[in-house]
Amino acid sequence: MSSSPSAPGLSPIADAAPQSLCARAPHVPADRLVAEMVPPPRFDSVRFRTYMPDPNQPSQTEAVRVLEGFAGGLGGAHAIRGGKRGFFGFGKPKAPKVPAGPRGVYLDGGYGVGKTHLLASLWHATPAEPALKAFGTFVELTNLVGALGFQQTVQTLSGHRLLCIDEFELDDPGDTVLVSTLLGRLVDAGVALAATSNTLPGKLGEGRFAAADFLREIQGLSAHFRALRIDGEDYRHRGLPEAPAPFSDEQVTKAAYATPGASLDDFPHLLDHLAKVHPSRYGALTDGLKAVCLTEVRPVPDQSTALRLVVLADRLYDREVPVLASGLPFDRLFSEEMLNGGYRKKYFRAISRLTALARDGKGLAESD
């Protein structure tokens, strides 16, 4: 794999020059997509006991209680159609003619209240081997259908005890119908479901969450979900300083050379490269990276580019890869039109996550 050339006037400090994301074009086989449907590295060690409910938000404590019970009810043999358990899987198997209760939970709340932490904790707490549980984002699930085909995806996931879907997207009608149809087939096969999505930014602070939107969009599946409202402020900003100001090109380049496993790319060139790599491969694009260093960060030029950047931000955040950048701060990446448009929740999520990663990356430049 090629590396970035030595920067003029700089002697490499690390054992090798930084890598370049623009030099990577990973191929990801379909079986890897399936095998990687587990909580991302950031959430490897999370459990219900490590979730710290805000004492001022009783809904957070209640969510933990309900989810722990839900996980416990998923033990035993795989629930097949005609012999499902009762409400949330509790109790003895019921006769086929008795309708089963909800076999899914929907975590309803704003940015940074710990929904993904709770969803991953549910995955870890469910008493089944990892091969019988799947965890992925909405985008990763649609990518899986694209790679395997609809019928093969149904067959692959039908034997699972639990499917967790993070960041359920409500802004793409086609993909929503596709995933809703898939979930309907999985529910018929006895698979338990859990999902999250974000409050629309325009509703933050109004006490209005996305549950109604979610239940409406999945239509016939709504009866299979119990919505758990989780109130609270974004934990990424609780008591934390403002996002660090961008560094200079020279500082970013020097830090990239001083950090083993770092990448160094010009931001506009990286955006161009992302257009050549399918978003399902962005996780592989970041394999092995210890830091991402970007120069000349500037506003994203169009919506297609912005949506690709959102996926990359998600993969970097999942993998806890710190980011060090020069140019504009991350809260100026997206135009006002984008932030007020149909995909605004994705852009706000990307800003929140990139800001958190920028805090993590700040020490790379300050340690020189």
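This is a short talk on the rings, cavities, helices and a few single residues of one predicted model.

Okay, housekeeping before the fun part. The model is predicted, so local features need pLDDT of at least 70, side-chain atom pairs count only at pLDDT 80 or more, and totals for chains, interfaces and linings use all residues. Residues are numbered from 1 along each chain as its sequence is written, and side-chain values use heavy atoms, with hydrogens and water left out.

Let's start with the cavities. A cavity here, on a 1 Å grid over the protein atoms alone, is a set of points where a 1.4 Å probe fits but cannot get out. Points are joined across faces, edges and corners, and the volume is the space filled by probe spheres set on those points. Searching the whole structure turns up 3 cavities of 30 Å³ or more, and the largest has a volume of about 90 Å³.

So what lines the largest cavity? Lining residues are those with an atom within 4 Å of a point, and here they are Leu21, Phe267, Leu270, Val292, Leu294, Leu309, Leu312, Ala313, Leu316, Val323, Phe330 and Leu354. By class that gives 12 nonpolar, no polar and no charged. For the record, Ala, Val, Leu, Ile, Met, Phe, Trp, Tyr, Cys and Pro count as nonpolar, Asp, Glu, Lys and Arg as charged, and the others, Gly among them, as polar.

Three elements each put at least two residues into that lining: helix H9 (267–274), strand S7 (291–297) and helix H11 (303–318). Helices and strands are DSSP runs numbered from the N terminus, H or I with at least four residues for a helix, E with at least two for a strand. H11 gives the largest share of the lining, 4 residues.

Let's stay on H11 for a moment. It has 16 residues and reaches 23 Å from its first C-alpha to its last, close to the 22 Å expected at 1.5 Å a residue; the expected span is 1.5 Å times one less than the number of residues. Of those 16 residues, 12 are buried, so H11 is largely enclosed by the rest of the structure. Buried means under 20% relative accessible area, exposed means over 50%, and partly exposed is in between, with a 1.4 Å probe and protein chains only. The buried set in H11 includes Asp314, Arg315 and Asp318, alongside cavity-lining residues such as Leu309 and Leu312.

Tyr317 is buried too, and its ring has company: the charged end of Arg42 sits over it, 3.8 Å from the centre. The rule for that is NZ of Lys or CZ of Arg within 6 Å of the ring centre and within 35 degrees of the ring normal. There's another such case, with the charged end of Lys133 over the ring of Trp123, 4.2 Å from its centre.

Now ring on ring. How many aromatic pairs does the structure hold? Just 1. The partners are Phe334 and Tyr347, stacked, 4.6 Å centre to centre with 25° between the planes. Phe334 lies in the loop between strand S8 (323–327) and helix H12 (336–339), and Tyr347 is in helix H13 (residues 344–366), so the pair ties together parts 13 residues apart in sequence. Rings of Phe, Tyr and Trp (its six-membered ring) pair if their centres lie within 6.5 Å, and planes under 30 degrees apart count as stacked, over 60 as edge-to-face, the rest as tilted. Both Phe334 and Tyr347 are buried.

H13 also holds Arg349, buried at 4% relative accessibility. Arg349 and Glu167 are 182 residues apart in sequence but 9.9 Å apart in space, C-alpha to C-alpha. Pro18, in the segment before helix H1 (30–35), is buried with a relative accessible area of 2%. Pro18 and Ala258 are 240 residues apart in sequence and 8.7 Å apart in space, again C-alpha to C-alpha.

Last bit, backbone angles. Most residues other than glycine have a negative phi. Glu296, in strand S7, has a positive phi of about 60° and is partly exposed at 32%. Glu320, in the loop between H11 and S8, has phi near 55°, also positive, and counts as partly exposed at 42% relative accessibility. That's my tour, thanks.

How values were computed: On a 1 Å grid over the protein atoms alone, a cavity is a set of points where a 1.4 Å probe fits but cannot get out, and a pocket is an open set with protein on both sides within 12 Å along at least five of seven lines; lining residues have an atom within 4 Å of a point.
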